[in-house]
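Below are some notes on the strands and the helix packing, set out point by point. Please read them with the coordinates open.

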Amino acid sequence: MPKILIVEDEEKLARFVELELVHEGYEVDKAFDGRSGLEKLEGGGYDLALLDIMLPGLNGLEVLRRARRTVDTPVIMLTARDSVMDKVTGLDMGAEDYMTKPFEIEELLARIRATLRKSERRAPDTKVLEAGQLRMDVDRHTVAYAGQEIELTQREFSLLETLLANKGIVLSRATLLERVWGYDYMGETNIVDVYVRYLRGKIDDAYDVKLIQTVRGVGYVIRD
């Protein structure tokens, strides 16, 4: 039974979502402020977190930033403000998705199911992934080349993890889009190419290697 953490200061809303999740068969825990939410997230044991942005104590973005140092629990951000910057910041800091209030509970439940499915596909049994001198520690959420740590956004990390977990296998853009961004991604179709370019700048160009290779007309592959 998946366990979901709700970090939401509107107690009536938190209770409503909790009842719906319990009805769907999920185990639920709640926190009503940023600091309590951060403590629970860092304690681990959750399959997914619903994290409001406007929280007392610490706002949701700060909770997410601090939590990502130690845990990679999938997070769906909840925001009452339809701000593009809030959404972009949350996604870049490691959130998997976001919902703008007010929302329909059916859509939230669908996004939870999609996020949990993606999370199940993400991590291979091996916790350390390597290609040449490139090393990714999945559990610790770190990447290094020849011992030098590389700073990646959450999306860059997820894309690199997917490529490394399938080392030697050519993955199409459609496959990468599905596994890293999810079925319901509605943005630019060239987003995969954009993020591959980001990764190459931080890895291939920075260390004068050619680990991330393009297979023309097919997709991308990492080879030693």
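1. In this predicted model, the strands β6, β7, β8 and β9 make up an open sheet of 4 strands, in the order β6-β7-β8-β9. The pairing in this sheet is antiparallel. Its edges are β6 (128–131) and β9 (148–149), each of which pairs on one side only.

2. Strand β8 covers residues 142–145 and is joined to β9 by 2 bridges, in the antiparallel sense. One residue pair can be named here: Y145 has Q148 of β9 as its bridge partner.

3. Which strands of this sheet does α6 touch? The helix packs on the sheet with contacts to β6, β7 (134–137) and β8. The direction of α6 makes about 110° with that of β7.

4. A further open sheet is built from 3 strands in the order β10-β12-β11, with antiparallel pairing. Here β10 (171–172) and β11 (212–215) are the edge strands, and each pairs on one side only.

5. How many bridges join β11 to β12? There are 4, and β12 spans residues 219–222, running antiparallel to β11. Within this pairing, Q213 stands opposite V221 in β12.

6. Helix α6, residues 154–165, also packs on the β10-β12-β11 sheet, where the strands it touches are β10 and β12. The angle between the direction of α6 and that of β12 is about 70°.

7. Taken together, α6 packs on both sheets: it touches β6, β7 and β8 in one, and β10 and β12 in the other.

Note on methods:
Residues numbered from 1 in each chain as written. Predicted model: local features only at pLDDT ≥ 70, side-chain atom pairs only at ≥ 80, totals over all residues. Heavy atoms only, no water. Pairing = 2+ DSSP bridges. Contact = heavy atoms within 4.5 Å. Axes fitted to C-alpha atoms, helices over the stretch in contact; angles between N-to-C directions.
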